[in-house]
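User: Please take a close look at one part of this model and work outwards from there in a connected account. I would like the cut-offs stated as they come up.

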Amino acid sequence: MTTTTAGRVPMSTADLHAAVADPVLSSMNFLNEVMDRYPDAISMAPGAPHESFFADMDIGRYVGAFSRHLESRGLGEAAIRRVLYQYGPSRGQINDIIAEALRRDEGLDVRPESLVITVGAQEAIFLTLRVLHREPGDAIAVVDPCYPGVLGAARLLDIPVVPVAGTADGFDLDQLRQVGVAYRQRGRRVRTLYVAPDFANPGGARIPLPARRMLLDEADRLDLTIIEDNTYGFTAAADDRLPSLKSLDERGRVVHVGTFAKICLPGARVGYLIADQQVHGTTTAHLLADDITSAKSMITVNTSPISQALIAGMLLEHGGSLLSVASAKARLYRRNLTVLLESMDRHIDRSTGISWNEPDGGFFVRLRLPVPVDDALLERCARGYGVIWTPMRHFHLGTGGDNQLRLSCSSLSEAQIEEGVLRLAGFLRDVTEER
Ligand SMILES: Cc1ncc(COP(=O)(O)O)c(C=O)c1O
């Protein structure tokens, strides 16, 4: 046994779970470090909400609104204190308010007990994967490029990840079919598919309605469960919303995941999932949400009751509507995206082989460059040009992102977006001229 001079036994990464050495788990830290090192740079890297919305945040008022709601339901002072300050039910305690909001806004007919209130969408994804994946070799299919939170969760759970190529309007359904069939032939199964149908992070694609229906049919044929991530759906214009996969799901193929991070505040760490599937087993039939609730009770026990109260209070102040609470934010994010795309059009020269997508919503735009894009190039841009972005390699399973970067516009002012694009344009000019 090796000991250090201080007499302590060193620990080796070989003794730890392999996921901790996986680059996907450290990509967020890397970007945070770059931002810390260049505090004056304009950061177009994180998909963080705009901080102007925090200015009139009144936590006491929101918790008060929820307390009055409980009072109107007949709870006395002591009972209300218990709801706010005690351990709470693992399934959550604002399920009825969220179920009603989903009915109103998304046309989703869900019973409160089919919902689990989670510590952000991230916990919802993690728990869903944990509960749905039984056999060690069964895979999760993801659209490549993919939100790293899903890749990290799968790695931590030892779930093999199989990429399906992303396209301008979603992903390659034929490829999903082929992969699903190939797994079956090997005695394995693609058990889940993670997909964000509305303005995926980082791809930006939105799946059209007919393709949503085809995807549900394919999920049925392949006998897989879709994990639908609805994080950026709220940024669609009111007259341009598409039904979620969950609202089209007649066969119980979809677990729907949502978050209040972008429409309320990320600091509350509140998300939710809908798992209304009937599970038949050795005991009586029950809901998939029941099993996910049991798993949650062993991880985070319950989502902070105070955070749940704060989110419920915000919703109640907006007539119990998710879309109403989100509307001012959605307007700002759509405006920021327009400003970003217009200023890219004005300042970035496409004739040098640079191209980009033009999403209708979400927080992100992807640029393709005629040169390799890696962390060293980002470092050079941050140091010399004062603008930070994310190399798309951080989101890809293969080499697909090697020439791409992601820009985010959610947390910036219009002036910062303009200035960021100007700086980026200067950098791109220099980099492409060097070729
Ligand atoms: C696509 C997607 N899903 C989920 C999350 C995580 O959400 P939460 O903060 O609720 O855990 C994010 C965060 O940026 C995201 O981009």
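Analyst: **Helix packing and the adjoining loop**

The axes of helix H3 (residues 77-85) and helix H11 approach within 6 Å and cross at roughly 105°, where helices are DSSP runs of H or I with at least four residues, numbered from the N terminus, and axes are lines fitted to C-alpha atoms over the stretch in contact, with angles of 0 to 180 degrees between N-to-C directions. H3 and H11 are therefore roughly perpendicular, a label for angles of 65 to 115 degrees. Val-83, Leu-84 and Tyr-85 of H3 meet Pro-305, Ile-306 and Ala-309 of H11, contact meaning heavy atoms within 4.5 Å. By class, this contact of H3 with H11 comprises 6 nonpolar, no polar and no charged residues.

The model is predicted, so local features need pLDDT of at least 70 and side-chain atom pairs pLDDT 80 or more, whereas totals for chains, interfaces and linings use all residues. Residues are numbered from 1 along each chain as its sequence is written, and side-chain values use heavy atoms, without hydrogens or water.

The loop between helix H10 (288-297) and helix H11 (305-317) holds Asn-302, which is buried at a relative accessible area of 11%, the limit for buried being under 20%. Beyond its neighbours within four places in sequence, Asn-302 contacts Tyr-87, Gly-88, Pro-89, Ser-90 and Lys-296. A polar atom of the Asn-302 side chain lies 3.0 Å from the backbone nitrogen of Gly-88.

Lys-296 also takes part in the contact between H5 and H10, two helices that pack at about 110° with axes 9 Å apart, which makes H5 roughly perpendicular to H10. On the H5 side, this contact involves Glu-123, Leu-127, Thr-128, Val-131 and Leu-132, and on the H10 side Leu-288, Asp-291, Ile-292, Ala-295 and Lys-296. The residues of the contact of H5 with H10 divide into 6 nonpolar, 1 polar and 3 charged, with Ala, Val, Leu, Ile, Met, Phe, Trp, Tyr, Cys and Pro counted as nonpolar, Asp, Glu, Lys and Arg as charged, and the others, Gly among them, as polar.

H5 itself (residues 120-132) has 13 residues and spans 19 Å from its first C-alpha to its last, close to the expected 18 Å, which is 1.5 Å times one less than the number of residues. The buried residues of H5 include Glu-123, Leu-127, Thr-128 and Leu-132, and these four also appear in the contact with H10.

Technical notes
Buried means under 20% relative accessible area, exposed over 50%, partly exposed in between (1.4 Å probe, protein chains only). A polar contact is a pair of N or O atoms within 3.5 Å; within protein, one must be able to donate a hydrogen and the other to accept it, and residues adjacent in sequence count only if both atoms are side-chain atoms. Angles under 35 degrees count as roughly parallel, over 145 as roughly antiparallel, 65 to 115 as roughly perpendicular and the rest as oblique.
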